[in-house]
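Biologist: I would like to learn how to read a structure I have not met before, one feature at a time. Could you show it to me, and then take my questions in turn?

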Amino acid sequence: MDTAAAAQAFHEHGLSPSDTQALGESLGPRLREQCGGSLGEIHWFRADWQRGGAATGFATWDLGSGRTIDAMVKVPVGHREWYWTSGLGRPGDGSWNGAAALGLPTPRVLASGESLGGYDLAWIVIERLLGPPLSRKRSREGLEGLVRATAEFQGRCAGVKAVDEAPSAQDWHGLVRQSRDAVHRGDCPDEQQWNEALKRVGRHLDGIVTRWRARPAGWWCHGDVHPANALRRACGGGATRFVIIDLALVHAGHWIEDALYLERQHWGHEEFLFGVEPVASLAKARRELGLDVDEGFERWADLRRVLTAAAAPGLIGVEGNARYLRGALGVLTRLVKRAPDLLGSE
C-alpha cells in the first residue's frame, strides 16, 4: 500500500490495525523528513494492551549535543488527541529534563503536526515511557499515583483551554431500557433483584437524569482513566512518577467523572483498588494542588453511580461480566437503601 492509497483508505473507509500500521510504515520516511533529521529509524509494533487505530512505533530522538533519547511515534491520531497531547506535553522551562518537564502528568512531546505527506493526518512524537502499564503490576502506590496524575492533568487543562463545550448527553433512558430487556431475556444473574432495582429506578429516572444533567460541568476530564493508561517516567536517581496517557477522549464534564470511571472499572474487583477510594482520593489530590473542589460533589457522584449501575445489564455484551454485574447490583442496591432520596419521593 503506497502513501496515497493508504491515506485515502484511512479517510474514506477507516483502517484495521494492520492497515493502519501499513499507513504508518508508508509515511515513516516523510515523518522523519518532517522532523528535520532528529527522528531515528522507526520500529513499528502493536502492543496487546493498545487500543485505537494509530500505528505506533519506537524510535530515537536526537536532542542535540550528542544526547539521544528513546521516543514513541503515533500516526495518525485524532484531532482531540493531537491537540491535548501537544498542548499539555511541551516542557515548560525549555529544558527536557528540567523539573517542570519531568513533573508533567502527560507524555512530554518532542514533535507533532496536523499534516503529513500532503494529507490531513495528525501525528505525535513523544517520550518513551517505562512499561509495562500499571494494569500489569497493580499496587496501592500505583493507584494513588494514577489518581494524582489525573488531578494534575485536570489542573493543567485549564491553562491550555477554557471549557468551551457542553458535556455529551448520554441516553440514560435508552440504556436503562436496554438493561430491563436484558434482564427479561435472562441474560443476567440475580434476575429478581435486578428487576426490583430497575423498577424502582425507572419510576424516578426522569428526575435522576435531570439532576445529573444539572451538575456543574466546568472542567476538562480525561475520559479514560484506568490502570492500562498509566505508565512511569524515570526522573533520575531511581525516582519515577506516574504519567497518564491516551488523551483521545478528553471532554467537558464534572471532575468526579474521571474518578467514577476508575471506580467503575473495579466493580466486582474492589480488591484491586487496595483500599483507594477514587472519588475521595481525587478530591484530596485536587485540594493539595489548590484546585477547586465544589461542595456536595458526593451527591453528584451518587447520582452518576445510580445511572451507571442501572445501565450495566444492558451493556453486558460490550463490557463487564457476571462479577461486574453483581458489583453494579451491589452498588445500586446499597445506594437506594442508604440514600433513598436520590430517587426522589417514594
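Biologist: Let us start with helix α10, then: which of its residues are buried?

Modeller: Please keep in mind throughout that this is a predicted model. In helix α10, which covers residues 278-288, the buried residues are Pro-278, Val-279, Leu-282, Ala-283, Ala-285 and Arg-286.

Biologist: How should I read the spacing of such a list, and where around the axis of α10 do these residues lie?

Modeller: The general idea is that an α-helix has 3.6 residues a turn, so residues three or four places apart point the same way. Here the buried residues cover an arc of only 165 degrees around the axis, and therefore they sit on the same side of α10.

Biologist: What covers the buried residues of α10?

Modeller: The cover includes three helices and a strand, namely α5 (140-160), α9 (256-264) and α11 (297-311), together with β6 (219-221). Just beyond the helix, α10 is followed by Gly-290, whose phi is positive, near 80 degrees.

Biologist: How do I describe the way in which α10 and α11 are packed, and at what angle do they cross?

Modeller: Two packed helices are described by the angle between their axes and the distance between the axes. For α10 and α11, the axes come within 11 Å and cross at roughly 145 degrees, and the crossing is right-handed. The residues that make the contact are Val-279, Ala-283 and Arg-287 on the side of α10, and Phe-297, Ala-301 and Arg-305 on the side of α11.

Biologist: I also noticed a tryptophan, Trp-212, in helix α8. Is Trp-212 buried or exposed?

Modeller: Trp-212, which lies in helix α8 (residues 205-213), has a relative accessibility of 2% and so counts as buried. If we leave out residues up to four places away in sequence, Trp-212 touches Trp-172, Ile-256, Glu-257, Trp-300, Leu-303, Arg-304 and Leu-307. A useful habit is to set sequence beside space: Trp-212 and Ala-301 are 89 residues apart in sequence, and their C-alpha atoms are 9.1 Å apart. Across the whole protein, residues 24 or more positions apart account for 68% of the contacts with a separation of 6 or more.

Biologist: Turning to the strands, in what order do they form the open sheet?

Modeller: The open sheet has 5 strands in the order β1-β2-β3-β5-β4, with antiparallel pairing. Its edge strands are β1 (43-45) and β4 (109-113), each of which pairs on one side only. From one strand to the next the twist averages 25 degrees.

Biologist: How many bridges join β1 to β2, and which residue is the bridge partner of His-43?

Modeller: β1 is joined to strand β2 (residues 55-64) by 3 bridges, and the partner of His-43 in β2 is Phe-58. Phe-58 also stands opposite Met-72 in β3, and β2 and β3 are joined by 9 bridges in the antiparallel sense. These two strands form a hairpin with 2 residues between them, where Ser-65 takes a positive phi near 55 degrees.

Biologist: And how do β3 and β4 pair with β5?

Modeller: β3 and β5 pair in the antiparallel sense over 5 bridges, and Val-73 has Val-125 of β5 as its bridge partner. β4 and β5 (residues 122-127) are likewise antiparallel, over 4 bridges, and here Ser-112 has Ile-124 of β5 as its partner. Helix α3 (residues 79-88) packs on the sheet, touching β3 (67-77), β4 and β5, and its direction makes about 40 degrees with that of β5.

Biologist: How many residues of β5 are buried?

Modeller: β5 is mostly covered, since 6 of its 6 residues are buried. For the protein as a whole, 49% of the 346 residues count as buried.

Biologist: My last topic is the cysteines: how many disulfides does the structure hold?

Modeller: The structure holds 0 disulfides. One case to look at is Cys-221, because its sulfur is 8.9 Å from the closest cysteine sulfur, in Cys-157, which is too far for a bond. Cys-221 counts as buried, at 0% relative accessibility, and Cys-35 is buried with a relative accessible area of 9%.

How values were computed:
Residues numbered from 1 in each chain as written. Predicted model: local features only at pLDDT ≥ 70, side-chain atom pairs only at ≥ 80, totals over all residues. Heavy atoms only, no water. Pairing = 2+ DSSP bridges. Axes fitted to C-alpha atoms, helices over the stretch in contact; angles between N-to-C directions. Contact = heavy atoms within 4.5 Å. Buried < 20%, exposed > 50% of the residue type's maximum accessible area, 1.4 Å probe, protein only. Disulfide = S-S within 2.5 Å. Arc of directions from axis to C-beta. Left-handed = near helix turned anticlockwise from the far one by under 90°.
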